[in-house]
Amino acid sequence: MKEPLVPVVPMSHTAHIRSHRKPRRSATSSIALRAGVAGGVLSMAAAGASASASAAEPVTQTIELPTLTADLSAQVAQSAAATQQAAANYELRAERDAAAAKAATEAKKDLAEAKKKAEAKKKAAEAARKAAAERANRSTERATLSASASASASTSVSAPASGSVATVIAFLKAQVGDAYVMGATGPNAWDCSSLVQAAYKQVGVDLPRVSQDQSMAGTDVSLSNLQVGDILYWGGKGSAYHVGVYIGNGQYLDAANPSKGVVIQDLSGYPASGAVRVL
């Protein structure tokens with residue numbers, strides 16, 4: 001019997017070189033990742049499919065990675081809460097500091113105001129004391145003038161005047177320095193018409209209370225023919241808004257206004273509108 005012939009397959013002349021050999025087909029695999037949280041652990045499953053010469057079986061591999069635990073989550077939450085509390089405390093401190101600064105400013109302002117009021121009160125008390133002393137001096141002067149009205153008139157009035165006019169002028173000059181207060185009637189404060197009324201009352205002449213009516217009393221005289229004791233008025237006759245008394249030498253005496261009080265002034269500086277004579 002003849003032995004069977006074995007076919008001979010010629011080999012490549014580069015087959016003996018490893019780099020020229022055809023790579024053997026090996027099992028291939030693909031990895032799919034699955035991520036999930038179970039029991040606080042992040043699991044990554046790798047599913048692979050391998051092929052062998054005989055069969056292709058999927059291969060699954062699980063890779064577990066650490067993830068956030070419940071304790072770590074609690075710590076993060078506590079840290080966030082602490083940060084919020086710190087921010088709230090900072091804001092509260094800022095508000096308190098602002099309130100304290102404002103209170104200090106208000107206290108400083110109140111102290112300055114209190115000092116100012118105390119100084120004003122002190123000045124008012126000093127002014128009142130001086131005024132009282134001046135009133136006392138004027139009271140003494142009035143008593144002296146009343147006792148020697150005729151003698152005073154002969155030395156202080158520049159134009160000839162009767163005894164009645166001299167008494168009026170003496171009374172008026174004794175009031176110089178008194179205050180002007182609207183509606184006041186003496187003895188230490190006057191308005192313009194109350195002073196004129198009180199002066200003529202010293203000699204028994206009863207004049208009306210207000211300047212409008214006083215401008216209608218007595219006899220009209222021209223301003224170029226004035227005599228000591230004539231009543232001067234400003235404004236229209238019957239509607240005068242101010243009165244005074246002519247004392248000679250181009251001067252008159254009146255309760256001028258709150259800033260001047262009772263003073264002697266030059267008629268040229270404030271010319272009168274008209275005049276009347278009652279003595």
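Begin by selecting Asp230 and displaying its surroundings: once neighbours within four places in sequence are set aside, Asp230 is in contact with Tyr200, Val221, Asn225, Gly244, Val245, Tyr246, Val276 and Arg277. Keep in mind throughout that the model is predicted. Along the chain, Asp230 belongs to the loop between β6 (219–221) and β7 (231–234), and with a relative accessible area of 1% Asp230 is buried.

**The partner of Asp230**

Add the side chain of Arg277 to the view, and look for the polar contact of 2.8 Å that joins the side chains of Asp230 and Arg277. This pairing also counts as a salt bridge, with 2.8 Å from N to O. Arg277 lies in strand β11 (residues 274–277) while Asp230 sits in the loop between β6 and β7, so the pair ties together parts that are 47 residues apart in sequence. Are the two partners, Arg277 and Asp230, buried or exposed? Both Arg277 and Asp230 are buried.

**The other salt bridges**

The structure holds three salt bridges, and the tour can now move on to the remaining ones. Select Arg209 and Asp191, whose side chains meet in a salt bridge of 2.9 Å, taken from N to O. Arg209 is in the loop between α4 (192–201) and α5 (211–214), and Asp191 is in the loop between β5 (189–190) and α4, so this pair ties together parts that are 18 residues apart in sequence. Colouring by accessibility will separate the two partners, since Arg209 counts as partly exposed at 28% relative accessibility, whereas Asp191 is buried with a relative accessible area of 4%.

Next, select Asp220 and Lys237, where the side chains meet in a salt bridge of 2.6 Å, again from N to O. Here too the pair links distant parts of the chain, with Asp220 in strand β6 and Lys237 in the loop between β7 and β8 (242–248), 17 residues apart. Asp220 counts as partly exposed at 47% relative accessibility, and Lys237 counts as partly exposed at 37%.

**The nonpolar cores**

Return to Tyr200, which was listed among the contacts of Asp230. Leaving out residues up to four places away in sequence, Tyr200 touches Val168, Val205, Leu207, Gly229, Asp230, Ile231, Val245, Val278 and Leu279. Which residues have the most contacts inside the largest nonpolar core? They are Leu172, Leu195 and Tyr200, in a core of 27 residues. To see how this core is assembled, highlight α3 (163–174), α4, β7, β8 and β9 (251–255), each of which supplies at least two of its residues. The largest share, six residues, comes from α4.

Apart from this core lies another, of nine residues, and to find it you can select Val221, Leu232, Trp234 and Leu267, which are among its members. Val221 will already be familiar, as it is one of the residues in contact with Asp230.

**Stepping back to the whole chain**

Finally, zoom out and switch to a cartoon, in which there are five helices and eleven strands to follow. Of the 279 residues in the protein, 26% are buried. If you draw contacts across the whole chain, residues 24 or more positions apart account for 47% of those with a separation of 6 or more. With the surface switched on, the accessible area comes to about 18,900 Å², and 57% of that area belongs to carbon and sulfur atoms.

How values were computed. Residues are numbered from 1 along each chain as its sequence is written. This is a predicted model: local features need pLDDT of at least 70, side-chain atom pairs count only at pLDDT 80 or more; totals for chains, interfaces and linings use all residues. Side-chain values use heavy atoms; hydrogens and water are left out. Helices (H or I, at least four residues) and strands (E, at least two) are DSSP runs, numbered from the N terminus. Buried means under 20% relative accessible area, exposed over 50%, partly exposed in between (1.4 Å probe, protein chains only). A polar contact is a pair of N or O atoms within 3.5 Å; within protein, one must be able to donate a hydrogen and the other to accept it, and residues adjacent in sequence count only if both atoms are side-chain atoms. Contact means heavy atoms within 4.5 Å. A salt bridge is a side-chain nitrogen of Lys or Arg within 4 Å of a carboxyl oxygen of Asp or Glu. Accessible areas come from the Shrake-Rupley method with a 1.4 Å probe; for residues, only the protein chains shown count as cover. A nonpolar core is a set of buried Ala, Val, Leu, Ile, Met, Phe, Trp, Tyr and Cys residues joined through side-chain atoms within 4.5 Å.
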